[in-house]
Amino acid sequence: MCDLSTYKIDLKGLSTPQAMLEFALDNDFFKSINAPDVHQGKADVRLFIRKTADFFELMFHIEGEVLIPCNLCLDDMVQPVVAETKLTVKMGDTYTEDDDLIVIDRQDGTIDVAWFIYESIVLAIPIRHVHQPGVCNTAMAVKLHELSTARSSSNGKEQEVDPRWEALKKLKY
């Protein structure tokens with residue numbers, strides 16, 4: 001398992017107004033995060049931190065690939081991911097999250113960026129992810145074709161569409 005404490009950044013202890021951190025993510029990171037969407041992958045993360053008078057700007061640049069199931073055949077496939085994310089952090093009395101603004105406890109002064117990195121990766125995955133043509137599991141593709149609503153009937157003609165659906169299609173504008 002990966003030690004997620006590496007992703008805790010002491011913003012209060014930054015000595016310079018700008019800093020850059022690099023992380024190399026591997027399968028252990030995704031297992032340690034213990035989230036449902038991605039369990040395996042490799043990615044390089046560059047985190048640029050810019051400190052101003054009253055807030056910190058965290059800019060993430062993530063490049064890599066993750067292993068996710070294909071939407072059609074459900075076999076695992078490699079999905080490349082590239083993500084650019086910006087996060088603004090302020091010091092305050094209590095921890096709160098509001099869109100891209102996070103307020104962290106000024107006494108503690110640390111922020112855990114592991115979950116933000118994971119979310120950025122998941123959001124970079126396209127909604128529809130399928131293998132390249134011809135690469136999907138053939139047995140699953142045949143079964144999908146058999147169960148498809150657009151399949152041909154046994155006599156070679158297209159199945160008739162329920163007339164109620166035809167009436168609804170006329171309502172489209």
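This passage describes the sheet, a buried histidine and the salt bridges of a predicted model.

The strands considered here form an open sheet of six, arranged in the order E2-E3-E4-E5-E7-E6 and joined by mixed pairing. Strand E2 (18-25) and strand E6 (96-98) occupy the edges, and because each has a single partner strand, one side of each is left without a neighbour in the sheet. From one strand to the next, the twist averages 20°. At the E6 edge, pairing with strand E7 (residues 101-105) is antiparallel and extends over three bridges, and the bridge partner of Thr96 within E7 is Val103. Helix H2 (residues 114-124) lies across E2, strand E3 (40-51), strand E4 (56-69), strand E5 (76-92), E6 and E7, and runs at about 135° to E5.

The loop that connects H2 with helix H3 (138-147) contains His129, a residue that is buried, because its relative accessible area of 13% falls under the 20% limit for that class. A polar atom of the His129 side chain lies 3.0 Å from the backbone oxygen of Pro69. When neighbours within four places in sequence are left aside, the residues in contact with His129 are Ile68, Pro69, Cys70, Asn71, Met77 and Gln79.

A search of the whole structure finds three salt bridges. In one of them, Glu57 is joined to Arg50, with the closest N and O atoms 2.7 Å apart; Glu57 is buried, at a relative accessible area of 10%, whereas Arg50, at 33% relative accessibility, counts as partly exposed. Glu57 also meets the side chain of Lys86 in a salt bridge, at 3.1 Å from N to O. This pair links distant parts of the chain, since Lys86 belongs to strand E5 and Glu57 to strand E4, 29 residues apart. Lys86 counts as partly exposed, with a relative accessibility of 43%.

A further salt bridge is formed between Arg106 and Asp93, where the closest N and O atoms are 3.8 Å apart. Arg106 is located in the loop between E7 and strand E8 (110-112) and Asp93 in the loop between E5 and E6, so the pair ties together parts that are 13 residues apart in sequence. Of these two residues, Arg106 counts as partly exposed at 41% relative accessibility, while Asp93, at 65%, counts as exposed. Through shared partners, salt bridges join Arg50, Glu57 and Lys86 into one network.

Methods: Residues numbered from 1 in each chain as written. Predicted model: local features only at pLDDT ≥ 70, side-chain atom pairs only at ≥ 80, totals over all residues. Heavy atoms only, no water. Pairing = 2+ DSSP bridges. Helix = DSSP H or I, 4+ residues; strand = E, 2+ residues; numbered from the N terminus. Axes fitted to C-alpha atoms, helices over the stretch in contact; angles between N-to-C directions. Contact = heavy atoms within 4.5 Å. Buried < 20%, exposed > 50% of the residue type's maximum accessible area, 1.4 Å probe, protein only. Polar contact = N/O pair within 3.5 Å; in protein donor to acceptor, adjacent residues only side chain to side chain. Salt bridge = Lys/Arg side-chain N within 4 Å of Asp/Glu carboxyl O.
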